[in-house]
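The following exercises concern the arrangement of two chains and the charged side-chain pairs within them. Please work through each task before reading its solution.

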Protein chains: 2
Amino acid sequence: MTTEDADELDRVVADVRERIDPSSAERARLADAAAALTGRVEEALADRSVTGDVVQVGSTARGTWLAGDRDIDLFVRFPESLSREELERYGLEIGREVLPDGHEEFAEHPYVKGEYDGFDVDLVPCYDVPAATDIQSAVDRTPFHNAYLLDRLDDSLAADVRVFKRFLKGIGAYGSDLRTKGFSGYLAELLVLEYGGFESLVEAAADWHPPVEHDPESHGSRSFSDPLVVIDPTDPVRNVAAVLSAENVARLQHYARELLDDPREELFFPPARTPMTAEAVAAHLDRRGTVPVALVFDAPAVVEDQLYPQLEKSLDGVVSELDRRGFEPLRATTFASESGEERDAPFDRAVVFVELSVATLPTIQRHDGPPVYVRQHATGFFEKYADAGADVYGPFLDGDRYVVERDREFTTARAFLESDALFDVALGAQVQAQLEESYTVLVGDEVLSLADEFGTDLRAYFEPRP
Amino acid sequence: MTTEDADELDRVVADVRERIDPSSAERARLADAAAALTGRVEEALADRSVTGDVVQVGSTARGTWLAGDRDIDLFVRFPESLSREELERYGLEIGREVLPDGHEEFAEHPYVKGEYDGFDVDLVPCYDVPAATDIQSAVDRTPFHNAYLLDRLDDSLAADVRVFKRFLKGIGAYGSDLRTKGFSGYLAELLVLEYGGFESLVEAAADWHPPVEHDPESHGSRSFSDPLVVIDPTDPVRNVAAVLSAENVARLQHYARELLDDPREELFFPPARTPMTAEAVAAHLDRRGTVPVALVFDAPAVVEDQLYPQLEKSLDGVVSELDRRGFEPLRATTFASESGEERDAPFDRAVVFVELSVATLPTIQRHDGPPVYVRQHATGFFEKYADAGADVYGPFLDGDRYVVERDREFTTARAFLESDALFDVALGAQVQAQLEESYTVLVGDEVLSLADEFGTDLRAYFEPRP
């Protein structure tokens, strides 16, 4: 990149930092809240016949949070001699004492989540193990990540972490949840550390040729087949980027090049996409000449990280089967509408959406039999179909095989989707249970009714971007 | 097979022989004609300053012809010292003298064809070479085949050859022309010889597991990849069954089993198939729910052995391209109507007929770009399509690649078949020349107009049998 472009990139980064760097007031308020909470936890520990300490972790512990983030994560470390039951009991007791208005959540243990002075606080019990490789549950690893990064991220690198995170959010690649399959905060921080800053990271990423492998502590002891491998500095057998999809690696590469080629703040803060109207969807379908089909059903009452893998498995199954049956899927997606009920049933309705190239297939389809020279098998095939009479064309010969043309099971995608054959497809377990109860099939213009609830998803589908 | 079935098969063969064995009167008349012609040739040779002899060849020389066949083949053998020009000159001179009303035809040499006492006579000059492996042209081999078979076929085997030939004719597998790709007379005779008779041949064929290899003189000196290999007893590097298709091997196996399972004369003399009416074709198309398309054009003025390979090459090219373009061919065939002008332009019109599963495709089609990490190539692709604006969907990402959806070239088979893109397909040379001049595309019910001229071909297509 030219000096002019580099200057322009610096200006863009400076403008972005104006918007994302926490103010000193915000920092102070957060530090005060964290100190007060830490004090409360220490008092609660002192009141009990158990040793333990409290450690603040997460981005707000390391100065890598973006202005406005309100998460304080406090981990209470107990001795390994405690049983799991004791750890959970102490954890919840202390949590309820420190956050009297909080509620229980569940990750690998139960823990307490609550509010304090406007901040969202997680109070998580864990074991105080000697090393990250000795962990008893995944949460025990977090204090090691925290310590590793605190030792290495100075103010300048922390600022670059914030810029990189904002960039990842802007391009839609931030988050290691199973819907996004993007970059976790920890991975973002390790990458900025590895490349020595945001701009050098972006320049490197633009040129990546996966698999890209980093092992900051040079202690990796197994191999991975992922496109990006960053060996956890606290655990030689763990790839921090295990969840990251090849598509999000490509996405970072694409937008890294865009940023270097034409630096602009819009990449960090893209304009929100408005929902697409039914009329606009209709115009796209008309332009495309395709046949859209949708399965619409009540979303199972599970969290996002359980719902999306099931929706994707179901989508893959349906698409493969429609393909196998000759309907030539062109593109497909799945979406779910949020219910607003974050804790129990966060999603309202879910959709498996497939755009087909073929609306109707012939009544008959070709069915190849065995080679004629496999006498017993061939004779069985011939006799079976010779007796089928006018329902079947043939058997006749094509090369050395018998062939018949017999009735196709489904001549339209609707007929298949509305039949029990749908349940021969590998579906997500709870999606399958829901479909067994009830679902609707929409075909052609019927899908326009989805625009009311899924307009933003339809915009993303019909106006796709990298 | 049971004794009862074997008796039944014997009865059927006896009935067939009643119909195909030449009567003694026919034999006598043919012998007289052959002797008279031989005498004339010998006189013509004596009148000239060239040595040579005449040998009767072919089925009428060996007693393996079917009653009513009227072909007498006489080969005039000249010394190898003659130049090709001299051989041709003598051959034609003698031919014209012996058959004054005859005309010239052309195989590897020119030769004279004419009529004598109601028989069709071929008078073919060839070289008198010491062995079949020394031949200068393919016709020189024929007298060796003739001598080999004459030495080995007694009356009983000759009768079985006639039965086997009739069987092959009945099932549609007789003839080594490039339309049929079936069993030549010589191959049929060698197989009867090899298996010691018709019934043992049929029993063996029912159990064949190709490749089936025979080498009657145990002198084969190369290998073949054909389903049936019969090394020419007069030439160790030639497979007599080289032209035979895998389908005709399968056909013989199928009907051999039918004959053994339920012996019946009908297999030797199947009822003629009547032409299919346009109404019946329409009923089939309606039943099948397919989309028929046809290219109809004047047949190039070439003989069957030149026309059919070209029609098949053209058919393969068109079918592959329709498949590649997403129209999902289900089955296809080609046919040509005979003009009655056997010598100059034996065929009138020709048809490439393809039955498709898909009538119309979407306006757009998916086009995969390079992986994003191939930076230069990927950037070129992205920029090309990013600038295409509303005409193109994307580029977007699918996994690690860029993808666009852009306009499909042809959304219907008719549009493709009527375009110049048809000529990018590998077509037979003279078919291509004819299509460049003129052709008609028929789609859907338009193909019903073919029934007038190609009703029998349409019957075979829509009521296919092994």
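**Exercise 1: A pair in chain B**

Lys113(B) is partly exposed, with a relative accessible area of 27% (buried means under 20% relative accessible area, exposed over 50%, partly exposed in between, with a 1.4 Å probe and protein chains only). The model is predicted: local features need pLDDT of at least 70, side-chain atom pairs count only at pLDDT 80 or more, and totals for chains, interfaces and linings use all residues. Side-chain values use heavy atoms, without hydrogens and water, residues are numbered from 1 along each chain as its sequence is written, and chains are lettered from A and ligands numbered from 1 in the order in which they are written.

Task: state with which residue Lys113(B) forms a salt bridge, and classify that partner as buried or exposed.

Solution. Step one: the partner is Asp122(B), and the closest N and O atoms are 3.0 Å apart. A salt bridge requires a side-chain nitrogen of Lys or Arg within 4 Å of a carboxyl oxygen of Asp or Glu. Step two: Asp122(B) counts as buried because its relative accessibility is 15%.

**Exercise 2: Pairs and a network in chain A**

Task: determine which parts of chain A are linked by the salt bridges of Arg162(A) and Glu189(A), and which residues join into one network.

Solution. Step one: Salt bridges that share partners connect Arg48(A), Arg89(A), Glu93(A) and Glu97(A) in one network. Over all chains, the whole structure holds 71 salt bridges.

Step two: Arg162(A) pairs with Asp21(A), with 2.8 Å between the closest N and O atoms. This pair links distant parts of the chain, 141 residues apart: Arg162(A) lies in helix α6 (residues 155–171) and Asp21(A) in the loop between α1 (3–20) and α2 (24–46). Helices are DSSP runs (H or I, at least four residues), numbered from the N terminus. Arg162(A) counts as buried, at 3% relative accessibility.

Step three: Glu189(A) forms a salt bridge with Arg62(A), the closest N and O atoms being 2.6 Å apart. Glu189(A) belongs to helix α7 (residues 185–195) and Arg62(A) to helix α3 (residues 59–62), 127 residues apart. Glu189(A) is buried at 1%, and Arg62(A) is buried at 12%.

**Exercise 3: Relating the chains**

Task: what rotation superposes chain B on chain A?

Solution. Step one: the rotation is 180 degrees, with 0.1 Å of shift along its axis and an RMSD of 0.2 Å (least squares on C-alpha atoms of residues with pLDDT of at least 70 in both copies). Step two: this is therefore the relation of a two-fold axis. Step three: in chain B, the C-alpha nearest the axis belongs to Val358(B), 3.5 Å from it.

Terms used: Helices (H or I, at least four residues) and strands (E, at least two) are DSSP runs, numbered from the N terminus.
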